[in-house]
Amino acid sequence: MIAIGSDHGGFELKEAIKKHLEEKGIEYKDFGTYSPESVDYAVIAAKTARSITSGECERGILCCGTGIGISMAANKVKGIRAACCSDYFSAKYTRLHNDANILCMGGRVVGAGLALELVDVFLETEFEGGRHQRRIDQITAIENGEL
C-alpha cells in the first residue's frame, strides 16, 4: 500500500497521482488534504510518514507547492528518508542508492506528466543495497544520536 498526501499547493498533483495509481491497480491510502483549501503541510507529512514507519504502508508520495517543505517535515519522522525530486534520474537513484521511502514533489514545479513518470520509476526501482547499505546505516546512526 502506498501512502499519499499533500497540502493545498500539491492537491491537484496528488489527485492526478491517485488516478494514475488507480489505473495501474496500485492500492493507496490518502492522508489528505481533501480539497484545495489552505492547510499546513507538516500535519499531512507527519501522518503520511508515520503510516510508513508503522508498517501500514510500504512507501509514500507527498506533494506541496515546491515539495521542499513537506519533505523537510517528513524527514523529521525517525526512519523516513524523503526525497524531493523533479527529474527522472534523481527519482530513480534516490531509490537505488538512498532507499528513499517517500517521494516528494512540488505541484507548482512539476507538471502532471513528469510527476507520473517519477512516481512510476520511484515505485518500480528497488534499493541496490551493497555499499549503499552502509550509508543508510549511517543515516540511522545520526537519527539515533550515535554519529
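Two strands are taken as paired if DSSP finds at least two bridges between them. With that criterion in hand, the tour of this predicted model can start at its sheet.

**The sheet.** Select the five strands, which form an open sheet with parallel pairing in the order β2-β1-β3-β5-β4. Colour β2 (28-30) and β4 (82-84) separately: these strands stand at the edges, each with a single partner strand, so one side of each is left without a neighbour in the sheet. From one strand to the next, the twist averages 20 degrees.

**Strand β1.** Next, show the side chains of β1 (2-6). Five of the five residues of β1 are buried, so this strand is largely enclosed by the rest of the structure. Ile-2, Ile-4 and Ser-6 lie on one side, Ala-3 and Gly-5 on the other, and both faces are covered. Three bridges join β1 to β2, and the two strands run parallel. To see one pairing in detail, select Ile-4 together with Asp-30, its bridge partner in β2.

**Strands β3 and β5.** Move to residues 59-64 (β3) and 102-106 (β5), parallel strands joined by five bridges. Here Gly-60 stands opposite Ile-102 in β5.

**Helices on the sheet.** Add helix α2 (residues 41-53), which packs on the sheet and touches β1, β3 and β5. The direction of α2 makes about 175 degrees with that of β1. Then add helix α5 (residues 112-124), which also packs on the sheet in contact with β1, β3 and β5. For α5, the angle is given against β5 and is about 170 degrees.

**The α4 and α5 pair.** Keep α5 displayed and select helix α4 (residues 88-96); the two axes come within 8 Å and cross at roughly 20 degrees. Angles under 35 degrees count as roughly parallel, and α4 and α5 are therefore roughly parallel to each other. Their crossing is right-handed. To display the contact, choose Tyr-88, Ala-91, Lys-92, Thr-94 and Arg-95 of α4, with Glu-117, Leu-118, Val-121 and Phe-122 of α5. By class, this contact has five nonpolar, one polar and three charged residues.

**Helix α6.** Finish with residues 131-143, helix α6, whose buried residues are His-132, Ile-136 and Ala-141. Leave α4 in view, since the cover over these buried residues includes α4. Just after α6, select Gly-145, which takes a positive phi of about 70 degrees.

Terms used:
Residues numbered from 1 in each chain as written. Predicted model: local features only at pLDDT ≥ 70, side-chain atom pairs only at ≥ 80, totals over all residues. Heavy atoms only, no water. Helix = DSSP H or I, 4+ residues; strand = E, 2+ residues; numbered from the N terminus. Axes fitted to C-alpha atoms, helices over the stretch in contact; angles between N-to-C directions. Contact = heavy atoms within 4.5 Å. Parallel < 35°, antiparallel > 145°, perpendicular 65-115°, else oblique. Left-handed = near helix turned anticlockwise from the far one by under 90°. Nonpolar A, V, L, I, M, F, W, Y, C, P; charged D, E, K, R; others polar. Buried < 20%, exposed > 50% of the residue type's maximum accessible area, 1.4 Å probe, protein only.
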